[in-house]
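Here is a short briefing to read alongside the structure. Keep the viewer open and look up each residue as it comes.

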Amino acid sequence: MSQMTATPRLSPRPTRSRAPSRPSLHIVHSAPTVTAHVGYAVLLGGLIIAGLLTMLMLNMARAEGSFVLSDLRAENSALHAEQVTLETEIAELSSPATLARKAESLGMVASPSTATLRLSDNSVFGVAALVDGKKTFTVDLPGASTAEADPQPGE
């Protein structure tokens, strides 16, 4: 026989198969609420409300100004009508016919001629004729000269 040596036969050692390790588990709470944007939303809402209130106030002031303007235009129209009426009345009262009637009611008579007075040097131009009337009155001022005593201009 041969020289054979006996070698022990090693059987493969049963190896433990490693299963993949499981991740560690932990408790998950509900989804987190976002609180950082609430303040921003409140600020924007406040700005929008303030802008709308400002627009409302400006619109009310504009409407009030419109009513005031309407009232002022109506008052201006009434005052203009009153002014036209008063100007017509003044024109009527200062007409020569009205002044002549009032002068006659006071006892004055019309002069057939006129004389012009220049007050800067107290000179008289023209000669006033005597008035033929039942009532005559003259006013004599001290220091005033008569028309006959003064020489005519150009004489």
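The notes below go from the whole chain to a few individual residues.

This is a predicted model. The chain holds 2 helices and 2 strands, and from the N terminus on these elements follow the order α-α-β-β. Only a small share of the chain is covered: buried residues make up 2% of its 155 residues.

**The chain as a whole**

- About 15300 Å² of the chain is exposed, and carbon and sulfur atoms supply 63% of that area.
- Among contacts with a separation of 6 or more, 13% are between residues 24 or more positions apart.
- Searching the whole structure turns up 1 salt bridge, and its two partners are described below under the strands.

**Helix α1 and its nonpolar patch**

- Helix α1 spans residues 36–93, and M60 is found in it.
- M60 belongs to a nonpolar surface patch, together with I49, L53, L56 and M57.
- Taken together, the five residues of this patch have about 520 Å² of accessible area.
- M60 has a relative accessible area of 48%, so it is classed as partly exposed.

**Helix α2 and T98**

- Helix α2 covers residues 96–105, and T98 lies within it.
- Is T98 buried or exposed? T98 counts as buried, because its relative accessibility is 11% and the cut-off for buried is under 20%.
- Setting aside neighbours within four places in sequence, T98 is in contact with E92 and L93.

**The strands and the loop between them**

- Strand β2 is made up of residues 123–125, and S123 is part of it.
- S123 also counts as buried, because its relative accessibility of 18% falls under the 20% limit.
- Not counting residues up to four places away in sequence, S123 touches T116, L117 and R118.
- The side chain of S123 is joined to the side chain of D121 by a polar contact of 2.9 Å.
- Which residue forms a salt bridge with D121? The partner is R118, and the closest N and O atoms of the pair are 2.8 Å apart.
- D121 therefore appears in both a polar contact with S123 and a salt bridge with R118, while R118 is also touched by S123; the cut-off for a salt bridge is 4 Å.
- Both ends of the salt bridge are partly exposed: D121 has a relative accessible area of 42%, and R118 has one of 38%.
- Where is N122 placed? N122 sits in the loop between β1 (116–118) and β2.
- The phi angle of N122 is near 55°, which is a positive value in a residue other than glycine.
- N122 is exposed, because its relative accessible area is 62% and exposed means over 50%.

**Worth a look in the viewer**

- Around the strands, compare N122, which is exposed, with S123, which counts as buried.
- In the helices, compare M60 of α1, which is partly exposed, with T98 of α2, which counts as buried.

Definitions and conventions
Residues numbered from 1 in each chain as written. Predicted model: local features only at pLDDT ≥ 70, side-chain atom pairs only at ≥ 80, totals over all residues. Heavy atoms only, no water. Patch = residues over 30% accessible without salt bridge, like charges linked within 9 Å, V, L, I, M, F, W, Y side chains within 5 Å. Areas by Shrake-Rupley, 256 points an atom, 1.4 Å probe, with all protein chains shown as cover. Salt bridge = Lys/Arg side-chain N within 4 Å of Asp/Glu carboxyl O. Helix = DSSP H or I, 4+ residues; strand = E, 2+ residues; numbered from the N terminus. Buried < 20%, exposed > 50% of the residue type's maximum accessible area, 1.4 Å probe, protein only. Polar contact = N/O pair within 3.5 Å; in protein donor to acceptor, adjacent residues only side chain to side chain. Contact = heavy atoms within 4.5 Å.
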